[in-house]
Amino acid sequence: MLKKIIVVLLLLLAAYFVISLIITHTELTLNKTPSSMFKWLPDFAFKLRGIELNSLEPEQYTTVVGNMIFAIAFITAMVPLVAAWYNTRKLRQQIQEEYGIKSFPIKQPGADDLKWMLPHYQKGQRITIFAGSFDWFGDKPEMRNRILQLAKEGKLDLVSYRSIGEIEGSFRAKGDEPLLSTIREALGDRFRVDSKLSDVTCTFIQKSAADWEFLYKSRPDDEGHMFNACVLSDTDKSRVLLHILSELTKAEHWGRPADDSS
């Protein structure tokens with residue numbers, strides 16, 4: 001209750017100060033002597049700022065009062081804009097927390113995105129990756145080691161919208177055919193190609209029996225970066241959606257085994 005009273009008193013004082021400035025400025029502009037009932041508050045404000053009133057000419061006093069009115073008008077106009085920006089930002093954060101959505105700006109594809117993805121891959125007990133050629137597996141030693149570990153432990157599924165010939169060509173261009181051969185041998189029919197999912201790149205990660213993540217790309221929300229790397233995490237609001245995605249992203253639903261394609 002006391003806080004509300006203090007807030008009301010401060011608002012009333014601020015309103016009285018603005019009215020005093022306007023009336024004082026108007027009377028000075030009309031070459032009239034400002035009423036002391038209104039002039040004392042601007043005078044008090046000047047003294048707080050260390051301005052000697054006796055040293056001011058009437059024209060200077062009028063100009064200073066006018067500048068104060070302009071400054072207050074500007075601040076008053078900015079308050080709703082700042083409030084709208086703050087509320088929008090707060091709402092976005094609230095939605096992200098409720099639905100488990102977070103994004104990370106990618107300025108250098110092939111570097112920033114791999115660095116962002118690796119911690120998620122490290123936590124996965126089982127991972128299904130949808131992409132094109134997968135040749136980026138060998139771009140970072142940490143990523144290469146994690147992919148090989150998942151493949152050898154039977155915890156990795158790969159689904160490509162490209163043919164096995166195109167994938168082999170991409171690895172060959174980087175001189176990394178042994179990596180592809182090792183992965184194909186370890187995965188068997190869990191390496192799927194020709195999925196018909198053109199340009200689909202995403203990852204479904206199972207962290208535990210009832211905890212999942214879905215990684216995907218989205219358009220940039222600001223200039224200066226190529227795209228956003230996003231993650232949909234497990235929350236009360238996203239759990240049903242993640243369950244649906246877990247069914248849709250099962251590798252056996254898409255394409256055909258790499259070793260059976262021609």
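**Surroundings of helix 4**

In this predicted model, the elements that cover the buried residues of helix 4 include strand 1 (101-106), strand 2 (126-131), helix 5, strand 5 (202-208), strand 6 (211-218) and strand 7. The residues of helix 4 that are buried are D113, L114, W116, M117, L118, H120 and Y121. In general, an α-helix has 3.6 residues a turn, so residues three or four places apart point the same way.

Among the covering elements is helix 5, and the packing of the two helices can be described in some detail. The axes of helix 4 (residues 112-123) and helix 5 (residues 141-152) come within 10 Å and cross at roughly 30°. Because angles under 35 degrees count as roughly parallel, helix 4 and helix 5 are described as roughly parallel to each other. The crossing in which helix 4 passes helix 5 is left-handed. On the side of helix 4 the contact is made by L114, M117, L118, Y121 and Q122, while helix 5 contributes E142, M143, R146 and I147. Sorted by class, the residues in this contact of helix 4 with helix 5 comprise six that are nonpolar, one that is polar and two that are charged. Of the residues that helix 4 brings to the contact, L114, M117, L118 and Y121 also appear in the list of its buried residues.

The strands that take part in the covering of helix 4 include strand 2, strand 5 and strand 6, and pairings are found among these strands. Strand 2 and strand 5 run antiparallel and are joined by five bridges, with T128 standing opposite F204 of strand 5. Strand 5 also pairs with strand 6, again in the antiparallel sense, over six bridges, and here C202 stands opposite Y216 of strand 6. Strand 5 and strand 6 form a hairpin, with two residues lying between them.

Strand 7, another of the elements covering the buried residues of helix 4, spans residues 227-233 and contains V231. This valine is buried, with a relative accessible area of 5%, a value that falls in the buried class because that class is set at under 20%. Apart from its neighbours within four places in sequence, V231 is in contact with G100, I101, K102, W116, H120, E213, F214, L215 and Y216. Two of these partners, W116 and H120, are buried residues of helix 4, and another, Y216, is the residue of strand 6 that stands opposite C202. V231 and F214 lie 17 residues apart in sequence, and their C-alpha atoms are 5.5 Å apart in space.

Terms used: Residues numbered from 1 in each chain as written. Predicted model: local features only at pLDDT ≥ 70, side-chain atom pairs only at ≥ 80, totals over all residues. Heavy atoms only, no water. Helix = DSSP H or I, 4+ residues; strand = E, 2+ residues; numbered from the N terminus. Buried < 20%, exposed > 50% of the residue type's maximum accessible area, 1.4 Å probe, protein only. Contact = heavy atoms within 4.5 Å. Axes fitted to C-alpha atoms, helices over the stretch in contact; angles between N-to-C directions. Parallel < 35°, antiparallel > 145°, perpendicular 65-115°, else oblique. Left-handed = near helix turned anticlockwise from the far one by under 90°. Nonpolar A, V, L, I, M, F, W, Y, C, P; charged D, E, K, R; others polar. Pairing = 2+ DSSP bridges.
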